[in-house]
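Trainee: I would like a close look at a single part of this model, the sheet of three strands, together with whatever is needed to place that part in the rest of the chain. Could you take me through it in one connected answer?

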Amino acid sequence: MKKNDRAGKPRIPKVRRTWTRSPVTKVKESGKVYKRRKSVEWSTDGRDETPRRAPVGADLTKNIAKTYKYCPRCGAEMTEKIVDHHKRKVCPVCEYVFYHNPVPAAGVVIEEDGKILLVKRKFEPYKGDWCLPAGFMEYDESPERCAVRETKEELGVDVELDGLFGVYSGKDDPRTHAVLVMYWARVTGGKMKPGDDAEEIQFFAKKEIPDNIAFLAHRQIIKEFFEIRDSESRK
Ligand SMILES: [Zn+2]
């Protein structure tokens, strides 16, 4: 509880400093990636508007009543109150406010001979469906570190990031809303084999992409990947 007292001066988190100096951020600012992204329109494909099937698990995203019943700081029963124009869970005892923010996640786009790498999910949500290698950020991580770590855990390989692919909003994960930061990546070492929460790994050409892609954002990323490659091959 002491840590949350506001008596002391606010501390600047360390991660922020590394983030602003990130070499990947420099690549992003080179204009190259922005130019690519301009040609890609946000999906209006009806298929991409709704999840393929209802995900398994408690949906915390629609109803704050399903979040904290008791204060995570002092244990008192939470009440609901309008704070900053939103109904939020508030602790009547210690005044803790639960801001229901999306959770940042990061992942990679790995390419081989014009094909994109996907992993088959071993666990819920969307068990058995395919997605890009990605995962939620740890508290002390930068998005870049998270992308590299998740790739190592899921594929067993080391990667070097090659610039920002794009940033996406994920609202069809039953665990939480997410903000997904995707990077281009190149494999630099290690032996590729499914690890952690991946059941299979496979490179897919455009025509081979399976119907069961786990998340809407991932479908969008795959779509954009082939749009980028198609537009480049026409030049
Ligand atoms: Zn409290």
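**The three-stranded sheet and its setting**

Mentor: Before the sheet itself, a caution about confidence: this is a predicted model, and over residues 54-61 the pLDDT stays under 50, although the model has 20 contacts for them beyond four places in sequence. The chain as a whole averages a pLDDT of 80, with 72% of the residues scoring at least 70, whereas residues 12-52 form another stretch in which the pLDDT is below 50, with 34 contacts in the model beyond near neighbours in sequence. Where pLDDT is low, the predicted coordinates should not be read in detail.

Turning to the part you asked about, the sheet is open and has three strands in the order β1-β2-β3, paired in the antiparallel sense. Because β1 and β3 (97-98) stand at the edges, each with a single partner strand, one side of each is left without a neighbour in the sheet. Strand β1, residues 79-83, pairs with strand β2, residues 86-90, over five bridges, and Val83 has His86 in β2 as its bridge partner. Two residues lie between the strands of this hairpin, and Asp84 takes a positive phi near 50 degrees there. On the other side of the order, β2 and β3 are joined by two antiparallel bridges, with Phe98 in β3 as the bridge partner of Lys89. As for covering, β1 has hardly any, since zero of its five residues count as buried.

For the setting, consider the largest nonpolar core, which has 42 residues, with Val108, Met182, Tyr183 and Ile221 among those that have the most contacts inside it. The elements that give two or more residues to this core include β4 (103-112), β8 (157-170), β9 (178-190), α4 and α5 (216-234), and β9 gives the most, with seven residues. Met182 touches, among others, Val108, Val109, Phe165, Tyr168 and Ile221, leaving aside residues up to four places away in sequence. In soluble globular proteins, nonpolar side chains tend to be buried together.

Helix α4, one of the contributors to that core, has buried residues that include Cys146, Ala147, Val148 and Leu155, and also Glu144, Glu150 and Glu154. Its geometry can be checked: at 1.5 Å a residue, the 13 residues of α4 (143-155) should span 18 Å, and the end C-alpha atoms are 18 Å apart, which agrees. Just after α4, Gly156 takes a positive phi of about 75 degrees.

Methods: Residues numbered from 1 in each chain as written. Buried ≥ 20, exposed ≤ 12 C-beta atoms within 10 Å, placed from the backbone. Helix = DSSP H or I, 4+ residues; strand = E, 2+ residues; numbered from the N terminus. Pairing = 2+ DSSP bridges. Expected span 1.5 Å × (residues − 1). Core = buried A, V, L, I, M, F, W, Y, C linked by C-beta atoms within 7 Å. Contact = placed C-beta atoms within 7 Å. pLDDT = per-residue confidence, 0-100.
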